[in-house]
Amino acid sequence: MTDKDNILLVEDDPEIARILLDHLRREGYAVTWASSGLESWEDFRKGEYQLVLLDLMLPEMDGFTVCKHVRLISDVPVLIMSARHQEESKLKGLGLGADDYITKPFSLAELTARIEAHLSRYRRYQGSYLGSSSSSVLQQYNDGLSIHPLNQQVMLNGTELQLTGKEGALLMLLASHQGRAFTKTEIYEHVWGQPAEGSSSTVTVHVKSLRAKLGDEPHQPRWIQTVWGSGYRFIGERIE
């Protein structure tokens, strides 16, 4: 372990959070505390973390949703901690991409051992993963579309498109999971980082604007396909 390991602690109980903060900082970790699901998602998008320590019962956005969104953009270890004992909750969390599940109450020694094991495993494979991943390099698709995730740059036939931040994030989300259908709720929660109540029209408007800038016809799409009654998927063909 190094003092550069940064943990995002997501816990809405201040007393529990303080105990964990004090312990983890004594162990040499840098720790950022978020007390709600929305706050944690915003922190994760802005910061760089090596591990997420995640409660399930959270205000504004539950831990399952936070885990789902984290896993869409990152492979950092996610360790769920919860008072829930039901097998269903454990399986749901692991099914969404969590790496481990620890049930409250737990000993601080056990928590530390699990964190160190996951961080060690993550560091061991991080180099090879980054070396083989195409998520940060120029991605070229059919009909002249190019996406550079690292620079947040989208080109069409050699000309850079002037996309808004939300339009760019929406396209990056869809393109990075080619062929996967996203509901409007999933898109809104991931891109806007807020509960999706009554937000479907916002997503629709942004997709319409994005399509217009891409010159993508809804009835004969080259890249963004409507999944009727659900949402959208990216169907562009990658050029190797």
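## Lys104 and its partner

Let's start with Lys104, which sits in the loop that links strand S5 (100–103) to helix H5 (108–132). This is a predicted model, and in it the relative accessibility of Lys104 is 15%, so the residue counts as buried, the cut-off being under 20%. What does the side chain of Lys104 make a polar contact with? The partner is the side chain of Glu11, at 2.7 Å.

## Asp55, the annotated site

Lys104 also turns up among the residues that Asp55 touches. Leaving aside residues up to four places away in sequence, the full set for Asp55 is Val10, Glu11, Asp12, Gly63, Met81, Ser82 and Lys104. So Glu11, the polar partner of Lys104, is on that list too.

Asp55 itself belongs to strand S3 (residues 51–55). Is it buried or exposed? With a relative accessibility of 4%, Asp55 counts as buried. The UniProt record, an unreviewed entry, has the annotation "modified residue: 4-aspartylphosphate" covering Asp55.

## Two loops next to S3

Gln50 is in the loop between helix H2 (37–46) and S3. A polar atom of its side chain lies 2.5 Å from the backbone nitrogen of Asn6. Asn6 is also one of the residues Gln50 touches, along with Lys4, Asp5, Val76, Pro77, Leu119 and Tyr122, again not counting residues up to four places away in sequence.

Met61 is in another loop, the one between S3 and helix H3 (63–73). Its relative accessible area is 5%, so Met61 is buried. Although Met61 and Gly37 are 24 residues apart along the chain, 4.4 Å separates their C-alpha atoms. Setting aside residues up to four places away in sequence, Met61 touches Gly37, Leu38, Trp41, Val66, His69 and Glu189.

## Helix H7, mostly wrapped up

Glu189, one of those Met61 contacts, is also one of the buried residues of helix H7. Why is H7 (residues 184–192) largely enclosed by the rest of the structure? Because seven of its nine residues are buried. The seven are Glu186, Ile187, Tyr188, Glu189, His190, Val191 and Trp192.

These buried residues have plenty to pack against: H2, H3, helix H6, strand S10 (182–183), helix H8 (200–214) and strand S12 (231–234). After H7 comes Gly193, with a positive phi near 65 degrees.

## The four-stranded sheet

Further along there's an open, antiparallel sheet of four strands, ordered S6-S7-S8-S9. Its edges are strand S6 (139–140) and strand S9 (159–160); each has a single partner strand, so one side of each has no neighbour in the sheet. Helix H6 (residues 165–175) packs on this sheet and touches strand S7 (145–148) and S8, with its direction at about 100 degrees to that of S7.

S7 and S8 are antiparallel and share four bridges, one of which pairs Leu145 with Leu156 of S8. The hairpin they make has four residues between the strands, and Gln152 there takes a positive phi near 55 degrees. On the other side of the sheet order, S8 (residues 153–156) joins S9 through two bridges, also antiparallel, and Leu156 stands opposite Thr159 in S9. The S8–S9 hairpin has two residues between its strands, with Asn157 in the turn at a positive phi of about 55 degrees.

S8 has two faces worth a look in the viewer. Val154 and Leu156 make up the covered face, while Gln153 and Met155 are on the uncovered one.

## How far to trust it

How confident is the predictor here? The protein chain has a mean pLDDT of 87, and 91% of its residues reach 70 or more. Among the elements of the chain, strand S1 (residues 6–10) has the highest mean, 97, and H5 the lowest, 75. Residues 128–134 have pLDDT below 50, and beyond near neighbours in sequence this stretch makes three contacts in the model.

Technical notes. Residues are numbered from 1 along each chain as its sequence is written. This is a predicted model: local features need pLDDT of at least 70, side-chain atom pairs count only at pLDDT 80 or more; totals for chains, interfaces and linings use all residues. Side-chain values use heavy atoms; hydrogens and water are left out. Buried means under 20% relative accessible area, exposed over 50%, partly exposed in between (1.4 Å probe, protein chains only). A polar contact is a pair of N or O atoms within 3.5 Å; within protein, one must be able to donate a hydrogen and the other to accept it, and residues adjacent in sequence count only if both atoms are side-chain atoms. Two strands pair if DSSP finds at least two bridges between them. Contact means heavy atoms within 4.5 Å. Axes are lines fitted to C-alpha atoms, for helices over the stretch in contact, and angles run from 0 to 180 degrees between N-to-C directions. UniProt positions are given in the numbering used here, feature names are shortened, and annotations may be inferred rather than shown by experiment. pLDDT is the predictor's confidence in each residue, from 0 to 100.
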